Every structure is written in structure tokens, then in C-alpha cells.
Protein chains: 6
Amino acid sequence: MPIVRIEMWPGRTVEQKQELARVITDAVVNIAKTTPEATFVIFEDVPKENWSQAGVLASATPQPQT
Amino acid sequence: MPIVRIEMWPGRTVEQKQELARVITDAVVNIAKTTPEATFVIFEDVPKENWSQAGVLASATPQPQT
Amino acid sequence: MPIVRIEMWPGRTVEQKQELARVITDAVVNIAKTTPEATFVIFEDVPKENWSQAGVLASATPQPQT
Amino acid sequence: MPIVRIEMWPGRTVEQKQELARVITDAVVNIAKTTPEATFVIFEDVPKENWSQAGVLASATPQPQT
Amino acid sequence: MPIVRIEMWPGRTVEQKQELARVITDAVVNIAKTTPEATFVIFEDVPKENWSQAGVLASATPQPQT
Amino acid sequence: MPIVRIEMWPGRTVEQKQELARVITDAVVNIAKTTPEATFVIFEDVPKENWSQAGVLASATPQPQT
């Protein structure tokens with residue numbers, strides 16, 4: 001039943017999400033010994049104005065995309 | 001204090017969400033022995049391109065709506 | 001793919017969780033038009049010392065069990 | 001590593017989120033004895049039609065903004 | 001309806017959680033313009049062996065408590 | 001800022017979690033173009049009696065470990 005949830009800033013393409021889902025599912029199946037069908041990956045896009053580190057919103061800082 | 005959180009693909013109407021909130025609140029109140037006022041239901045709409053099973057995004061497969 | 005997550009204070013029995021899972025799954029299947037197999041219910045037990053309303057931990061108040 | 005997650009109805013400004021992130025980070029650093037850099041605050045805007053108390057969607061009730 | 005969720009490593013006392021709940025509730029009430037009764041704070045203790053940064057479990061590194 | 005959260009049934013060893021954290025962090029860094037330091041992986045162990053599919057608790061079924 002592994003459910004994997006990935007919060008990231010917006011900007012990743014559907015192709016990147018598809019590749020992440022594929023590679024992470026493989027890792028979970030191989031390392032945690034489960035089946036692909038039982039493994040779910042859910043993405044959540046978090047806008048930079050909804051995310052802060054050290055008390056500063058990411059939208060307020062000229063930081064590189066990570 | 002029960003907090004119920006429901007992740008579904010988009011497409012449900014407000015009427016369906018209202019009906020789900022009502023029926024699930026009743027179930028929680030009756031079975032878990034709490035009060036309606038203490039019971040919260042939160043919906044989260046997950047786009048199909050943000051959800052994968054077996055490493056394949058739901059947006060990539062011609063599967064029926066579930 | 002509905003994933004239902006229920007946070008409650010500890011104290012419910014496995015029988016109550018089983019009954020909740022059954023009734024809520026039925027509601028989701030019937031109202032949101034999905035299948036039982038695609039519907040997951042996950043319980044999370046939240047200790048009263050980890051939960052506050054109005055800034056007061058539930059473990060600190062002589063309130064009735066809800 | 002504290003990760004703080006705040007679910008609220010939409011309508012708060014970026015300035016309010018920035019102020020909340022700053023004050024909450026200060027509180028976590030001072031009370032939980034961690035560092036600002038290790039403290040993250042994430043906001044999630046929950047539409048009123050996706051939130052119910054006592055089985056009634058917030059979008060259906062003429063309640064004051066809270 | 002603000003729901004605040006705080007994930008931290010174990011080790012904080014009930015007194016620290018009570019103080020955090022009080023201060024954060026005050027901040028949310030004052031800055032987001034809601035009521036104390038509508039504001040919930042939930043703590044989740046995450047064991048160090050269940051948390052990694054840069055691919056290394058926190059339980060494996062001799063890092064200071066944060 | 002990617003935060004990856006993995007819910008699984010209990011039973012995985014610390015070594016399996018460490019290996020999962022390492023491989024998933026590598027995948028996120030390479031595919032989503034971020035840095036290892038900005039990538040967090042959090043595990044949550046979900047007891048089988050707290051998880052149901054099709055309305056049946058996993059603890060009630062003689063199913064293989066997945």
C-alpha cells in the first residue's frame with residue numbers, strides 16, 4: 001500500500017512527473033518489497049508564496065529554483 | 001475532533017461533496033461517538049496528472065473515471 | 001482513487017474502525033461513483049496531548065470524549 | 001526539521017502569509033529550540049466548498065469569515 | 001477553520017507543545033483574523049529514523065537536535 | 001524544497017528506509033533538478049489495522065505483505 005506524496009514548487013512538466021513516478025515506484029517495489037499496483041505516487045504543487053524557510057516566503061527571495 | 005480528509009480526482013460536483021460530507025459526518029458521529037460540530041470533512045481535488053498507480057500517471061491512461 | 005484519511009483521538013476499537021471503513025467506503029462508492037477496490041481509508045490516532053483547540057491542549061481540559 | 005503546515009480558507013494576502021511565517025517561525029525556534037533555517041512553513045488554501053463542519057459545506061452557510 | 005500541523009522530532013515536552021499551541025493560535029487569530037475556537041493545532045512526532053535530508057536518515061548523523 | 005512522504009505498513013528495517021531515502025533523493029535531484037540538501041524524505045508507518053481497501057481493514061485479511 002505504499003503511498004508516496006511529493007510536494008514541490010510548480011514548474012515541473014508532466015514528463016518530469018511521469019519519470020519521477022516511474023523511478024520512485026521502481027525503487028519502492030524493489031527496496032520495500034511490494035508490487036507496482038499497490039504503489040501510488042501523488043504530486044502536490046506548492047506555490048512559492050505558500051512556502052517559507054527561516055520565516056521568509058520563497059516568493060520573496062531571489063533564490064534559484066530548487 | 002475527527003478530521004476527515006478525502007482526496008479524489010476532480011469532477012465531483014458541489015452537490016456530491018455536500019452529500020458526502022453529510023453522510024460521512026453521520027457515520028463518524030454514530031460509529032465513533034462524537035458530535036457533528038466536532039467533525040470536519042475536507043476535500044482535496046487531485047488532478048489526474050498528479051496521481052500515479054504502478055508508476056503511470058492517471059492522465060496517461062484511458063481508464064474509467066474512479 | 002479516493003483516499004480517505006481520518007484523524008481521531010485514540011480509543012476507538014478495531015471494530016469501530018472496521019465499521020467506519022465499511023460505511024465510508026460505501027458512501028464514497030455510491031456518491032462519488034467509484035469502485036470499492038479504488039477506495040482507501042486510513043486512520044491516524046492523534047494523542048490528546050498532540051491536539052489543541054483555542055490554544056489549549058485537549059489533554060489539559062476535562063472535556064468529554066469526542 | 002520542524003515543518004509547519006497551515007490550512008486556511010482563501011483570502012489571506014501574501015503580506016499576511018509572510019507575517020504568519022515570520023511569527024510562527026520565531027515561536028518554533030524559541031520554544032522548540034531549533035534554528036530558523038531548519039524551520040519550514042507551508043500554507044494550503046482550502047476553498048470553502050471543500051470544507052465542512054457538522055456535515056455542511058462552508059460555502060453553503062452565511063457564516064463570518066474565519 | 002485554520003488547521004495548523006507541526007511535524008517535529010520527538011523530545012519536546014507537553015509544556016513546550018502547550019506553549020507552542022498558545023502562541024501559534026494567538027498569531028493565527030491576530031494575523032489571519034479568525035477566532036481561537038476555530039483554530040486547531042496538531043503535533044506529529046516524527047522519529048529521527050523516519051526523516052532524511054540529502055538522502056541520509058537523521059538517526060544516522062551526529063547532528064545537533066533541531 | 002521537495003518534501004517526499006512515504007506511507008507504508010510497518011516492517012521495513014532502518015536499512016531499507018535508508019536505501020529508499022538515498023535512491024528517492026537521487027531521483028528527485030536528477031529529474032526535478034533540485035539539490036540534495038533541499039530534498040527531504042519522511043516515512044510514516046501505518047499499522048495494518050489503520051488501513052483499509054474496499055472497506056476491509058488490512059489486518060482482517062490474510063493478504064501477502066505489500
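**Chain contacts and a buried serine**

Chains C and D have no contact with each other, and their closest C-alpha atoms sit 13 Å apart. Chains A and E don't touch either; for that pair, the nearest C-alpha atoms are also separated by 13 Å. All of this comes from a predicted model.

Chain E and chain B are another matter. A turn of 180 degrees, with a shift of 0.0 Å along the axis, lays chain E on chain B with an RMSD of 0.0 Å. That is the relation of a two-fold axis. Within chain E, Ile3(E) has the C-alpha nearest that axis, at 4.9 Å.

The two copies also make contact, with four residues coming from chain E and four residues from chain B. Of the interface residues of chain E, 100% are also interface residues in chain B, so the copies meet through the same surface. Between them, chain E and chain B bury about 330 Å², and 84% of that area is on carbon and sulfur atoms. On the chain E side, strand S1 (3-8) and strand S2 (40-45) each supply at least two of the residues that touch chain B. Sorted by class, the side of chain E facing this contact holds three nonpolar residues and one charged residue, with no polar ones.

What about salt bridges between chain E and chain B? The count is zero. Polar contacts across this interface come out the same way: zero residue pairs are found, taking pairs with both residues at pLDDT 80 or more.

Turning to chain F, Ser52(F) belongs to strand S3, which covers residues 51-53 of that chain. Is Ser52(F) buried or exposed? With a relative accessibility of 0%, Ser52(F) counts as buried, because the cut-off for that label is anything under 20%.

The surroundings of Ser52(F) draw on two chains. Leaving out residues up to four places away in sequence, Ser52(F) touches Leu57(F) and Ala58(F) in its own chain, and Ala21(C), Thr39(C), Phe40(C) and Val41(C) in chain C. Thr13(F) is 39 residues from Ser52(F) along the chain, and the C-alpha atoms of the two are separated by 23 Å.

Note on methods. Residues are numbered from 1 along each chain as its sequence is written. Chains are lettered from A and ligands numbered from 1 in the order in which they are written. This is a predicted model: local features need pLDDT of at least 70, side-chain atom pairs count only at pLDDT 80 or more; totals for chains, interfaces and linings use all residues. Side-chain values use heavy atoms; hydrogens and water are left out. Copies are superposed by least squares on the C-alpha atoms of residues with pLDDT of at least 70 in both. Contact means heavy atoms within 4.5 Å. Buried area is the accessible area (1.4 Å probe) that two parts lose on being put together, summed over both. A salt bridge is a side-chain nitrogen of Lys or Arg within 4 Å of a carboxyl oxygen of Asp or Glu. A polar contact is a pair of N or O atoms within 3.5 Å; within protein, one must be able to donate a hydrogen and the other to accept it, and residues adjacent in sequence count only if both atoms are side-chain atoms. Helices (H or I, at least four residues) and strands (E, at least two) are DSSP runs, numbered from the N terminus. Ala, Val, Leu, Ile, Met, Phe, Trp, Tyr, Cys and Pro count as nonpolar, Asp, Glu, Lys and Arg as charged, and the others, Gly among them, as polar. Buried means under 20% relative accessible area, exposed over 50%, partly exposed in between (1.4 Å probe, protein chains only).
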